[in-house]
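This report introduces the structure shown below to a reader who has not met it before. It treats a metal site, a group of aromatic rings and a helix in turn.

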Amino acid sequence: MTTTTTATTLEIEEVTKSFGGTRAVDGVSLTAGRGVIGLLGPNGAGKTTLLRMVATVLAPDAGRLRLLGLDPSDPAQRTEIRRRLGYLPQSPGLYPGFTPFDLVDYVAVLKEHTDREWRREECRRVLGSVGLEDVMHRRIRKLSGGMRQRVALAAAMVGGPELLVLDEPANGLDPEQRLQLRSLLAQVPTVLMSTHNISEVAALCQGVYVVFSGRVRFSGTPAELAGLAAGRVWEDDSQDPRAIRSWVTATGAFRHLGEPPAGAQVVAPTLDDGYLLLAREEHR
Ligand SMILES: Nc1ncnc2c1ncn2[C@@H]1O[C@H](COP(=O)(O)OP(=O)(O)OP(=O)(O)O)[C@@H](O)[C@H]1O
Ligand SMILES: [Mg+2]
């Protein structure tokens, strides 16, 4: 097995995918080397469609993908990519009659790991890494939602992938398991993940892409995303009609986005502010 990680593990160039009349992904380019890249965007923005193409589940209509230095449109190279890639779908279809152990073992077989003894050790390792060692021989249908999500996460981690594609991985995870997810991701050279949780991006990601209507509207570091709103956030104790967007914070103060009026109490921007400002400009 090749273990070289190229400088850019992931190269996406002008990729497009339509479903009937819907252009779900519309000329997206993205590159990633080592580290965790986050994908943000509203419901229907095209995140899952993009991730499915990166996971080689779906072929693009146009554009070019290079994964781990290989071309997924070539069947032989696609097989090699699948062996070295882990994928957690948004709604993982787990076989409810399987146990977590059976399921992870099955994924290992699909990845052509033929050594039974090795597979057994590997199943124990990945299920242990998501804290499921105690339930690995129970039927999946008897597990809680968060536990099922962790089974799917374990399946994505089997064989130590070089590239991990995660569609809303923290969905349903309790706070402790969310923390655990961080150390799990630290074991993988390159991770591309979608999330609706902006604080997760701040905690986990070195790079972030924001997608609206199938197009990349922002790419940069989390700090740069927050920086979009620098000097454009202020707080006071009442509504301000001059703001392009206002909301009430946990302390009961009003937080405003836009051009602050003279004398306003300008505050440091967060990632949420940067994202909301982008979203606002998108809908104007
Ligand atoms: N298999 C499909 N058939 C038809 N339309 C689809 C299909 N998959 C996605 N779409 C459409 O493509 C667009 C993008 O969907 P996608 O699931 O990629 O969005 P998303 O960003 O993952 O949204 P969410 O945050 O809700 O998960 C939507 O308009 C959706 O209705
Ligand atoms: Mg999705």
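Is T48 buried or partly exposed? In this predicted model, T48 has a relative accessibility of 26% and therefore counts as partly exposed, since buried means under 20%.

T48 belongs to the metal site. The magnesium ion (ligand 2) has as its protein donors OG1 of T48 and OE1 of Q90, at 1.9 to 2.2 Å. T48 is part of helix α1 (residues 47-54), whereas Q90 sits in the loop between β5 (85-88) and α3 (100-110), so the pair ties together parts that are 42 residues apart in sequence. Q90 is likewise partly exposed, at 33% relative accessibility.

The same loop, between β5 and α3, holds Y95, while Y106 lies in helix α3, eleven residues apart from it. A search of the whole structure gives four aromatic pairs; two of them are described here.

| Aromatic pair | Centre to centre | Angle between planes | Arrangement |
|---|---|---|---|
| Y95 and Y106 | 6.0 Å | 80° | edge-to-face |
| F98 and Y106 | 6.0 Å | 75° | edge-to-face |

Y95, F98 and Y106 make up one aromatic cluster. Each of its members is partly exposed: Y95 at 41% relative accessibility, Y106 at 34% and F98 at 27%.

Helix α9 (residues 271-282) comes last. Its twelve residues should span 16 Å at 1.5 Å a residue, and the end C-alpha atoms lie 17 Å apart, which agrees. Buried residues in α9 are L271, D273, G274, Y275, L276, L277, L278 and A279.

Methods: Residues numbered from 1 in each chain as written. Chains lettered and ligands numbered in written order. Predicted model: local features only at pLDDT ≥ 70, side-chain atom pairs only at ≥ 80, totals over all residues. Heavy atoms only, no water. Donors = N, O, S within 2.8 Å, 3.2 Å for Na, K, Ca; no water. Helix = DSSP H or I, 4+ residues; strand = E, 2+ residues; numbered from the N terminus. Buried < 20%, exposed > 50% of the residue type's maximum accessible area, 1.4 Å probe, protein only. Expected span 1.5 Å × (residues − 1). Phe/Tyr/Trp six-rings, centres within 6.5 Å; stacked < 30°, edge-to-face > 60°.
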